[in-house]
Amino acid sequence: MATPTIYVSPTSAHISASLNHLITRLSATSISRSNKFTVAISGGSLPKILAADLKSNTTIDFTKWHVFFADERVVPIDHDDSNFKAAKETLFAHVPIPREQIYTVEPSLSHDKAAEEYTQQLKKVFGADGIPQFDLILLGMGPDGHTCSLFPGHPLLEVEDRWVASLDDSPKPPPQRITLTYPVVNNAETVAFVATGEGKAEVLHKIFDLKEDFPSGRVTAKKNLLWFVDEPAMKGVQFQTKSYQL
Ligand SMILES: O=C1O[C@H](COP(=O)(O)O)[C@@H](O)[C@H](O)[C@H]1O
């Protein structure tokens, strides 16, 4: 189990540069090892920060990418609440990831059936035996400490028997969502969180300094557990940090 490394950047623009650098390296390593790069991405503030530099990176072989969503809202894929829509506008529209290698949730299904169907899509890429091991999962964190659609105090925090779970009572709208579960998230080779802005400072202090239990703090990774945060998000946080070396 990896211990967290927190990289503090002065601004979110610096985080975009660090992510671009990290992903260039991870993508090349995975493609040379297995001829593909498997990544799960989140919604919220992440896609814009992720894409800022990555969208014009011509050194990455995006044709080898397989992209899932760490969580998704069960809404049409052109809906403003869709995490796919946010990622499409910021990143997918600019890089040559084959559309059939971007795995979207089926919005015509009920939320529980959509989770089952998304599990089948995972099986097609990772096989049916053993828990999927993503090369990289990119996560955000809400001010309440949630990550993916794993919210504080929610029963889904305890799910161990499914790769993908559904909920229809998300405290943050929209209510119907699907989410990867901890067995999958914590099996990733690398997990990278992105948290920016003063609104994240209190929960970061509680997770890292006070060791309080929040969904984001339960995330581990097989090899690398990285946090990319900006200075406002670290206001008042004492935990030891580093600067990411480009
Ligand atoms: O609802 C969600 O929120 C989290 C955090 O979003 P942020 O805007 O505070 O970064 C996000 O990671 C998740 O994918 C999304 O569905």
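**Notebook: a three-stranded sheet and a helix pair**

I looked up the sheet in this predicted model and found 3 strands forming an open sheet in the order β4-β7-β6, with antiparallel pairing. I then identified the edge strands as β4 (71-73) and β6 (164-167), each of which pairs on one side only. For the twist, I noted that neighbouring strands of this sheet are turned against each other by 15 degrees on average, direction ignored.

Next I examined how β4 is joined to β7 (residues 177-180). I recorded 3 bridges between these strands, which run antiparallel. Which residue of β7 is the bridge partner of Asp71? I found that Thr179 takes this place.

I then checked helix α4 (residues 111-126) against the sheet. I noted that α4 lies across β6 and β7 and that its direction is at about 165 degrees to β6.

I turned to the helix pair α2 and α3. Helix α2 (residues 46-54) and helix α3 (residues 83-92) have axes that come within 8 Å and cross at roughly 20 degrees. Because angles under 35 degrees count as roughly parallel, I entered α2 as roughly parallel to α3. I logged the crossing of α2 past α3 as right-handed.

Which residues make the contact? On the α2 side I listed Pro47, Lys48, Leu50, Ala51 and Leu54, and on the α3 side Ala86, Ala87, Thr90 and Leu91. Sorted by class, the contact of α2 with α3 holds 7 nonpolar, 1 polar and 1 charged residues.

Key
Residues are numbered from 1 along each chain as its sequence is written. This is a predicted model: local features need pLDDT of at least 70, side-chain atom pairs count only at pLDDT 80 or more; totals for chains, interfaces and linings use all residues. Two strands pair if DSSP finds at least two bridges between them. Helices (H or I, at least four residues) and strands (E, at least two) are DSSP runs, numbered from the N terminus. Axes are lines fitted to C-alpha atoms, for helices over the stretch in contact, and angles run from 0 to 180 degrees between N-to-C directions. Two residues are in contact if their C-beta atoms, placed from the backbone, lie within 7 Å. Angles under 35 degrees count as roughly parallel, over 145 as roughly antiparallel, 65 to 115 as roughly perpendicular and the rest as oblique. A crossing is left-handed if the near helix is turned anticlockwise from the far one by less than a right angle, and right-handed if clockwise. Ala, Val, Leu, Ile, Met, Phe, Trp, Tyr, Cys and Pro count as nonpolar, Asp, Glu, Lys and Arg as charged, and the others, Gly among them, as polar.
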